[in-house]
Amino acid sequence: MIAGLALLVLSMGISISLGAADIDLQTVWNALLHFNPDLTQHQIIQELRMPRALGAGLVGAFLAVSGAIMQGMTRNPLASPSIMGVTDGAAFAIAIAFAFFPHTSSLQLMLFSFAGAGLGACLVFGIGSVSRGGLTPVKLALAGAAVGAFLSAISSAIAIRFDVAQDISFWFAGGLAGTRWLSIQLIVPVALIGLALAIILSRSITVLSLGDDVAKGLGQRTRLVKVLGTVVVLLLTGAAVSVAGTVGFIGLIIPHITRFLVGVDYRWIIPCSAILGGLLLVLADIGARMVNPPFETPVGAITTMIGVPFFLYLARREGRGL
């Protein structure tokens, strides 16, 4: 955790210094401690790059913790917000908001995102549960891919029909260029509530990850834990999509890396996943700016390039026993 926090702070400093106008780390430090509104570089740091770096750290943490909780509750190594249709559901709701409620505020947009995340999760688990043989990891992943593609297609149709494709293209591609202090102020309360609740539930999720029968035998109220865990996932994923759009695969990759480093105790997995998830997205955002300067590559494309091979490896490894 200490090493991860140190790397996260260092990567955020590098993220703030890089961009169309390169700024050295000393100037970044001076802007943080002795802000001078008369200096253009200080204004760029305070108004544009600091909220972007903080947003990347928070969104990465949200998605990683959501993925860890989903994998623990479902005992599904392939579970993550992007694969299970949650992020696509949130993006679908944002498309509806832009098409039918063009003057939606940032707070209302976040509420739409929460509702869409819930819709995506309900569709995936509903389809998976009615299939023959019940909810297996591969069936959930397939249902998530199908529901995600379906909601994404409807979102695109809405965008074209109501001429809002340019407005919502940012949410489809995923990116942090538009992050401002208002967005940070809106998601910080969600971070405090969602991450605190996730840590409170961490011991129960550890027991639940052993299986429902074992958890019930140990006196675990499995239904309550799953309901609260789902609420946390919807809160964190909805907030993440409302800020950065559909950034995929962080919730899949980071929990596996974290379990490899710290073991299977979710009292360690959840806080470490938050740190490593933030670190991965900050680094991905740096990479998005360096691939084709001075233009920016969507950060969702960077995380997808990392995540797809990882997903295929997991699907092949886990599929042997399913």
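## Helix ends, salt bridges and ring contacts in a predicted model

Helix H10 is followed by Gly245, a residue whose phi is positive, near 80 degrees. The model described here is predicted. Helix H10 itself covers residues 222-244, and at 1.5 Å a residue its 23 residues should span 33 Å, which agrees with the 32 Å that separates its end C-alpha atoms.

**From H10 into H11**

The loop between H10 and H11 also contains Phe249, a residue other than glycine that nevertheless has a positive phi, near 75 degrees. Phe249 has a relative accessible area of 14%, and because buried means under 20%, this residue is counted as buried. Helix H11 takes up residues 250-262, and its 13 residues should span 18 Å at 1.5 Å a residue, in agreement with end C-alpha atoms that are 18 Å apart.

Which residues of H11 are buried? They are Ile250, Gly251, Leu252, Ile253, Ile254, Pro255, His256 and Thr258. Ile257, by contrast, has its place in helix H11 but counts as partly exposed, with a relative accessibility of 36%. Just after H11 comes Gly263, which takes a positive phi of about 95 degrees.

Another positive phi in a residue other than glycine belongs to Arg75, where the value is near 55 degrees; Arg75 is found in the loop between H3 and H4.

**A nonpolar patch on the surface**

Ile257 is also one of the residues of a nonpolar surface patch of about 650 Å², which it makes together with Met1, Phe260, Leu261, Val262 and Trp268. Helix H11 supplies the largest share of this patch, namely four residues. Helix H11 therefore combines a set of buried residues with a contribution to the nonpolar surface, and Ile257 belongs to the latter because its 36% relative accessibility is over the 30% required of patch residues.

**Salt bridges**

How many salt bridges does a search of the whole structure find? The search finds four, and the table lists three pairs among them, each with its N to O distance.

| Side chains in the salt bridge | Distance, N to O |
|---|---|
| Arg52 and Glu296 | 2.7 Å |
| Asp265 and Arg267 | 2.9 Å |
| Arg289 and Asp285 | 3.1 Å |

In the pair of Arg52 and Glu296, Arg52 lies in helix H3 (residues 40-74), whereas Glu296 lies in the loop between helix H12 (266-290) and helix H13 (299-319), so this salt bridge ties together parts that are 244 residues apart in sequence. The partners can also be described by their accessibility: Arg52 is buried, with a relative accessible area of 8%, while Glu296, at 41% relative accessibility, counts as partly exposed.

The pair of Arg289 and Asp285 is placed within a single helix, since both residues lie in helix H12, four residues apart, or about one turn of the helix. Both Arg289 and Asp285 are buried. Through salt bridges that share partners, Arg52, Asp285, Arg289 and Glu296 are joined into one network.

**Aromatic rings and a charge over a ring**

The structure holds two aromatic pairs. One of them is formed by Phe101 and Phe112, whose ring centres are 5.6 Å apart and whose planes make an angle of 40 degrees, so that the pair counts as tilted, a class that lies between the limits of 30 degrees for stacked and 60 degrees for edge-to-face rings. This pair links distant parts of the chain, with Phe101 in the loop between helix H4 (86-100) and helix H5 (106-130) and Phe112 in helix H5, eleven residues apart. Phe101 counts as partly exposed at 46% relative accessibility, and Phe112 also counts as partly exposed, at 25%.

A further contact with a ring is made by Arg161, whose charged end sits over the ring of Phe162, 5.3 Å from the centre of that ring.

**Lys139 in helix H6**

Helix H6 covers residues 137-161 and contains Lys139. With 28% relative accessibility, Lys139 counts as partly exposed. The C-alpha atom of Lys139 is separated by 9.7 Å from that of Phe125, a residue 14 positions away along the chain.

Methods:
Residues numbered from 1 in each chain as written. Predicted model: local features only at pLDDT ≥ 70, side-chain atom pairs only at ≥ 80, totals over all residues. Heavy atoms only, no water. Phe/Tyr/Trp six-rings, centres within 6.5 Å; stacked < 30°, edge-to-face > 60°. Helix = DSSP H or I, 4+ residues; strand = E, 2+ residues; numbered from the N terminus. Buried < 20%, exposed > 50% of the residue type's maximum accessible area, 1.4 Å probe, protein only. Lys NZ or Arg CZ within 6 Å of the ring centre and 35° of its normal. Patch = residues over 30% accessible without salt bridge, like charges linked within 9 Å, V, L, I, M, F, W, Y side chains within 5 Å. Areas by Shrake-Rupley, 256 points an atom, 1.4 Å probe, with all protein chains shown as cover. Expected span 1.5 Å × (residues − 1).
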